[in-house]
Amino acid sequence: MYLPIALGLAALGVAIGLGMIGNGAMNGMSRQPEAIGKMQTAMLIAMAFVELVFLLTVFVGAGAFKGS
């Protein structure tokens, strides 16, 4: 019953997190164009971790809800 609400909240949190990461990276890149390569790598790694948390939430959380 609460699974769709939990997944929706997780998706909302991931969307906000990805937006904040992208915003911070774009601001940093505009201030220091010579460091774009380093910032892109850090941005992509951070985005991958946020997506990983969401995927863990979907698969592990959904499994936990179905088990109970």
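## A word on helices

Helices here are DSSP runs of at least four residues, numbered from the N terminus. With that in hand, let's walk through this predicted model.

## Overall shape

The protein chain holds 2 helices and 0 strands. Its radius of gyration is 16 Å, well over the 11 Å that the globule rule gives for 68 residues, so the chain is more spread out than a compact globule. The C-alpha trace tells you about the proportions: along the principal axes, the span is about 50 × 15 × 5 Å.

How much of the chain is buried? Buried residues account for 18% of the 68 residues. The accessible surface amounts to about 4,900 Å², and carbon and sulfur atoms contribute 75% of that. As for contacts between residues at least 6 apart in sequence, 66% of them link residues at least 24 apart.

## A nonpolar patch on the surface

If you look over the surface, you will find a nonpolar patch formed by Met1, Tyr2, Ile5, Leu9, Leu12, Ile16, Met20 and Phe65. Together these residues have about 950 Å² of accessible area. Which element gives the patch its largest share? That is helix α1, spanning residues 3–31, with 5 residues.

Ile16 is a handy member to pick out, and its place is in helix α1. The relative accessible area of Ile16 is 47%; because partly exposed covers values between 20% and 50%, Ile16 falls in that class.

## Leucine 7 and its distant partners

Leu7 is another residue of helix α1. With a relative accessible area of 25%, Leu7 is partly exposed.

Which residues does Leu7 touch, once those up to four places away in sequence are set aside? They are Phe54, Thr57 and Val58. Take Phe54 as an example: Leu7 and Phe54 lie 47 residues apart along the chain, yet their C-alpha atoms are separated by 8.8 Å.

## Methionine 29, a buried residue

Helix α1 is also the place of Met29. Is Met29 buried or exposed? Its relative accessibility is 10%, and since buried means under 20%, Met29 counts as buried.

Leaving out neighbours within four places in sequence, Met29 is in contact with Ile36, Met39, Gln40 and Met43. Among these partners, Met39 is 10 residues from Met29 in sequence, and the two are 7.0 Å apart in space, C-alpha to C-alpha.

## Bringing it together

Helix α1 is thus a good place to start exploring the model: it is home to Ile16 of the surface patch, to the partly exposed Leu7 and to the buried Met29.

Methods:
Residues are numbered from 1 along each chain as its sequence is written. This is a predicted model: local features need pLDDT of at least 70, side-chain atom pairs count only at pLDDT 80 or more; totals for chains, interfaces and linings use all residues. Side-chain values use heavy atoms; hydrogens and water are left out. Patches are made of residues with over 30% relative accessible area and no salt bridge: like charges are joined within 9 Å, nonpolar side chains (Val, Leu, Ile, Met, Phe, Trp, Tyr) within 5 Å. Accessible areas come from the Shrake-Rupley method with a 1.4 Å probe; for residues, only the protein chains shown count as cover. A salt bridge is a side-chain nitrogen of Lys or Arg within 4 Å of a carboxyl oxygen of Asp or Glu. Buried means under 20% relative accessible area, exposed over 50%, partly exposed in between (1.4 Å probe, protein chains only). The radius of gyration is taken over C-alpha atoms; the globule rule is 2.2 Å times the number of residues to the power 0.38. Contact means heavy atoms within 4.5 Å.
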